[in-house]
Amino acid sequence: MALARTDTLEAALAQLFEDRDTAASWFALTGGERLFQAGDAADTLYLVRSGRLGVFRHEEGLPPQFLGVVKPGEPVGEMAMIAGLAHSANVVALRDSEILALPREAFLDAVRTRPDVMIELSRLMLRRARETTTGAAEPSVFGFTSARTRPIRPFVDRIAAAVRALGFTCQVVDHTALTSLSEWFSRVEDSHDFVLYIAEQDQPSWAALCARQVDRLFIVGDSLTVPPPVAPGRRGLPDVHQFTDLILLRDARMTRPANTSIWLDTLDPGRWFHAIDGNADDAARIARVLTGTAVGLVLSGGGARAYAHIGAIRALREAGVTFDFLGGASMGAVIAAGPALGWSDEDLEARIRKAFVTSDPLSDIAVPIIAMTRAGKVARLLEQAYGDVDIADLPLPFFAVSSNLTTGRIEIHRRGLLRRAIRASISIPGVMPPVVMDGAVLVDGAVIKNFPTDVMRMQNAGPTIGVDMSQSRGVDARALENPPSWWRWILSGAWRGGPPIVSILMRSATITSDAELTRSRADTDLLIRPEPTGADIRDWKIYDPVVAAGYKATVQMLAKLEGPIGMLRKRRAAAMAAGGTMAVAEDGTASQA
């Protein structure tokens, strides 16, 4: 999305930097060189003259987040410089770039006689502040380099066709442009919404140029072959994996992806995707990822009340929503894993019923040395549901979140046995024994982050749908005011659901602070908050009314939307660029103000 009033802003800044009295300087950055990093003093205004810069944010306990691209004619570092604060992000040259620099004092002196510069710069800063980001643009130049013997051109052409079908202009550039001048590449990139560079395996020189030219790089390989010893990629860049993604193609006769971990160990990509060779739907999914219209679904924890997620998924699918990324915490992760595995609505409901409604998962009560239950039954049910599937081999990108008691941070599970990651994510302290992985003690993800929308935002630039049960009341006060005697509790059969203390432990583990919940909800583009009544957080038998509550809440939210969900973030950005804002109501609906 272009910056608001870019022509006016660029003209004002160009005149400012070209004025001989402003003490502006010029220098070059090679690809991979850092302009500044978070914490550096912001004493200079920078303007990109040519090339492209990448903006990264580093948050404690989370992987680096690639926020976007700064293109020619755009300033960078202006907000921190004017405010007199340190920079809050790292800025790195994505390719060889030319930068103009103006010291802070020289800038302030110059704008006293050029108020138009400050006016236009203020417009830009307000827009960036509204977006709560650095204001960097979305990536628009992508590279596809082959790591397989068969041509990838047909696959990339299908992606380009899908990009055009979404209403964008798109140009595919192949090795015939190897001898073109840099001005030609710039013209192509400026005249199209998206540009896709493609290099086959037998074109190493062109592949190296593509890797240096693009905002993000996709390495395309075959899932049943081993990766090459030296794969094409971005070199010389800090956090290089953040610039490089992996697509593994497989034959249509392969029902599930395989062999992913070998590729991940070799390439260490930021993200990875699976696609069936020749499948139009998979090409369309990659096109949505490129264009920022891919839909991510995040499901919160909530014990038995998280059954509402099943109703929400059914309502979204009936409305034609296609999920491209999935993730969650605790029971939200359990349910999100179903669509990531390719389960239909019927499969999802049948498997959850069998595992949690019919089987009483917490009925193996134990002497509470470490926890109230042994969790052996839960482990067996998870093995029946997920088998030995590796998260990396899921057809769709998926993550589960657990809480690392050793480090005090969240643990993001994107690889490894799915059932083991889920087991960690649902290990409510005191109810189930924790899971130990690589010397770390892991418990329920809801303990630290019950609604991990920020994790989704690191993976997907498109809209995020969040179904949040974080503050749904889930403990029966009457059961706690008048607890049954031991013999009545046993004779009634209520022992199968665990003693009332289980409710207290489960609810305590899923309470989220107001500040954390506000941040998590702000990261959604469509927020759904079912309100099931009459269901305790540990009442695994009450299924249908809770599912119905999730379905009803989702249908009501969808009825308030204007336009397709895939364009939610772009509509909001367009409204801000036009000078308005997208107001988000308490119920999660968005409207222009």
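How many helices and strands does the secondary structure of the chain come to? In this predicted model, the secondary structure comes to 21 helices and 24 strands. The report below starts with the chain as a whole, then turns to its nonpolar cores and two of its helices, and ends with charged pairs and cysteines.

## The chain as a whole

The confidence of the prediction should be kept in mind while reading: the mean pLDDT of the chain is 82, and 78% of its residues reach 70 or more. Over residues 1–6, however, the pLDDT is below 50, and this stretch has 15 contacts in the model beyond near neighbours in sequence. Residues 580–593 also have a pLDDT under 50, and for them the model has 28 contacts beyond four places in sequence.

Of the 593 residues of the chain, 56% count as buried. The accessible surface comes to about 24,700 Å², and carbon and sulfur atoms account for 54% of that area. When contacts with a separation of 6 or more are considered, 77% of them are between residues 24 or more positions apart.

## Nonpolar cores

Which residues touch the most other members of the largest nonpolar core? This core has 59 residues, and the ones that touch the most other members are Tyr 307, Phe 398 and Ile 422. Helix α11, which covers residues 331–341, gives the core its largest share, namely eight residues.

Tyr 307 can serve as a starting point for looking around this region. Apart from its neighbours within four places in sequence, Tyr 307 is in contact with ten residues that can be picked out in the structure, including Met 331 and Ile 335, then Ile 352, Phe 356 and Val 357, and further along the chain Trp 540, Ile 542, Tyr 543, Val 546 and Val 547. A second core, separate from the largest one, has 38 residues, among them Phe 168, Leu 196, Ile 247 and Ile 286.

## Two covered helices

Helix α11 is mostly covered, since 11 of its 11 residues are buried. The buried residues of α11 include Met 331, Val 334, Ile 335 and Leu 341, and also Gly 332, Gly 338 and Pro 339. After α11 comes Gly 342, whose phi is positive, near 90°.

Helix α14, which covers residues 418–425, has eight residues, and six of them are buried, so this helix is largely enclosed by the rest of the structure. The buried residues of α14 are Leu 418, Ala 421, Ile 422, Arg 423, Ala 424 and Ser 425. Arg 419, by contrast, counts as partly exposed, with a relative accessibility of 22%.

## Charged pairs

Side chains of opposite charge can pair when their charged atoms come close. The structure holds 25 salt bridges, and the table gives three of these pairs with the distance between N and O atoms.

| Pair | N to O distance |
|---|---|
| Asp 245 and Arg 271 | 2.8 Å |
| Arg 253 and Asp 251 | 2.8 Å |
| Arg 419 and Asp 388 | 2.8 Å |

Asp 245 forms a salt bridge with Arg 271. Because Asp 245 lies in strand β13 (residues 244–250) and Arg 271 in strand β14 (residues 271–276), the pair ties together parts that are 26 residues apart in sequence. Asp 245 is buried, with a relative accessible area of 0%, and Arg 271 is buried as well, with a relative accessible area of 12%.

The setting of the pair Arg 253 and Asp 251 can be described in the same terms. Arg 253 counts as exposed at 74% relative accessibility, whereas Asp 251 is partly exposed, with a relative accessible area of 35%.

Where do the partners Arg 419 and Asp 388 lie? Arg 419 is in helix α14, while Asp 388 is in the loop between α13 (376–386) and β17 (398–404), and the pair links distant parts of the chain, 31 residues apart. Asp 388 counts as exposed, at 59% relative accessibility.

Salt bridges can also share partners, and in this way Arg 148, Arg 150, Arg 158, Asp 222 and Asp 277 are joined into one network.

## Cysteines

Are Cys 170 and Cys 210 buried or exposed? Cys 170 counts as buried, at 6% relative accessibility, and Cys 210 is buried, with a relative accessible area of 0%. With a disulfide taken as a pair of cysteine sulfur atoms within 2.5 Å, the count comes to zero disulfides.

Key
Residues are numbered from 1 along each chain as its sequence is written. This is a predicted model: local features need pLDDT of at least 70, side-chain atom pairs count only at pLDDT 80 or more; totals for chains, interfaces and linings use all residues. Side-chain values use heavy atoms; hydrogens and water are left out. Buried means under 20% relative accessible area, exposed over 50%, partly exposed in between (1.4 Å probe, protein chains only). A nonpolar core is a set of buried Ala, Val, Leu, Ile, Met, Phe, Trp, Tyr and Cys residues joined through side-chain atoms within 4.5 Å. Helices (H or I, at least four residues) and strands (E, at least two) are DSSP runs, numbered from the N terminus. Contact means heavy atoms within 4.5 Å. A salt bridge is a side-chain nitrogen of Lys or Arg within 4 Å of a carboxyl oxygen of Asp or Glu. pLDDT is the predictor's confidence in each residue, from 0 to 100. Accessible areas come from the Shrake-Rupley method with a 1.4 Å probe; for residues, only the protein chains shown count as cover.
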